[in-house]
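Here are some notes for a colleague who is meeting this structure for the first time. They are meant to be read with the sequence and the model side by side.

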Amino acid sequence: MTTLVRTSGSSVGTRTLPYPSFSSYMKARQPVLLRTARSLTANPSDAEDLLQTALTKTYVAWERIEDHRALDGYVRRALLNTRTSQWRKRKVDEFVCDELPEPEDVPAGDPAEHQALHDAMWRAIMKLPARQRAMVVLRYYEDLSEVQTAEVLGVSVGTVKSAVSRALGKLREDPELEPVR
């Protein structure tokens, strides 16, 4: 395989890679090995870096690998060893302090009560007219601004403000949401 490389001047020269079989192996197996690397990391960019490091180690050891039919296993082991080394090198700082940084225990609510409140809120929202319901959902569940909500629905910002205000008034008066108040 021939590749172009820039030499010390501005001229371009060519050189032949010493292991053309490595290039063909890498091109053929890279998608499969990348999936393996992704299973070892939480970030796709970290997976690409991990695979690149493992392939570099494989390239350096290419002459020493006797059985090229077992290359996948070699690269997978290099992936695992490299990831383990990265994990071990992770720096953990500990600082002595007078107070613990953890927040005080806040009693967690009953999950059943939380779900009942969630269901009651959705029932109350479903009672709203379709236009008001759409505006409330876009504003508070999709977290859009008034301008964005107006653009999505094709109405003016003032219409969004007034309709949302009326909808929130209706929700405040809904008897199902009385326990929340």
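1. In this predicted model, a good place to start is the pair formed by helix 6 (residues 146-153) and helix 7 (residues 157-173), whose axes come within 8 Å and cross at roughly 105°. Because angles of 65 to 115 degrees count as roughly perpendicular, helix 6 and helix 7 are described as roughly perpendicular to each other. On the side of helix 6 the contact is made by E146, V147, T149 and A150, and on the side of helix 7 by V157, V160 and K161. Sorted by class, the contact of helix 6 with helix 7 has 4 nonpolar residues, 2 charged residues and 1 polar residue.

2. Just ahead of this pair, D143 deserves a careful look, since D143 sits in the loop between helix 5 (130-141) and helix 6. The phi of D143 is positive, at about 60°, although D143 is not a glycine. As a rule, most residues other than glycine have a negative phi. Is D143 buried or exposed? With a relative accessible area of 64%, D143 is exposed, because the cut-off for that word is over 50%.

3. A second aspartate, D72, is placed in helix 3 (residues 71-89), and D72 counts as buried because its relative accessibility is 17%, where buried means under 20%. Which side chain does the side chain of D72 meet in a polar contact? The partner is the side chain of Y25, at 2.6 Å. When neighbours within four places in sequence are left aside, D72 is in contact with R29 and L33 as well as with Y25.

4. The largest nonpolar core holds 17 residues, of which L51, V75 and L79 touch the most other members. Helix 1 (20-40), helix 2 (44-60) and helix 3 are the elements that give two or more residues to this core. Leaving aside neighbours within four places in sequence, L51 is in contact with L79, and also with Q30, L33, L34 and A37. Apart from the largest core lies another one, of 8 residues, including A120, V136, A167 and L177.

5. For the chain as a whole, the secondary structure comes to 7 helices and 2 strands, and from the N terminus on the elements run β-β-α-α-α-α-α-α-α. Of the 181 residues of the protein chain, 23% count as buried. Among contacts between residues at least 6 apart in sequence, 45% join residues at least 24 apart.

How values were computed
Residues numbered from 1 in each chain as written. Predicted model: local features only at pLDDT ≥ 70, side-chain atom pairs only at ≥ 80, totals over all residues. Heavy atoms only, no water. Axes fitted to C-alpha atoms, helices over the stretch in contact; angles between N-to-C directions. Helix = DSSP H or I, 4+ residues; strand = E, 2+ residues; numbered from the N terminus. Parallel < 35°, antiparallel > 145°, perpendicular 65-115°, else oblique. Contact = heavy atoms within 4.5 Å. Nonpolar A, V, L, I, M, F, W, Y, C, P; charged D, E, K, R; others polar. Buried < 20%, exposed > 50% of the residue type's maximum accessible area, 1.4 Å probe, protein only. Polar contact = N/O pair within 3.5 Å; in protein donor to acceptor, adjacent residues only side chain to side chain. Core = buried A, V, L, I, M, F, W, Y, C linked by side-chain atoms within 4.5 Å.
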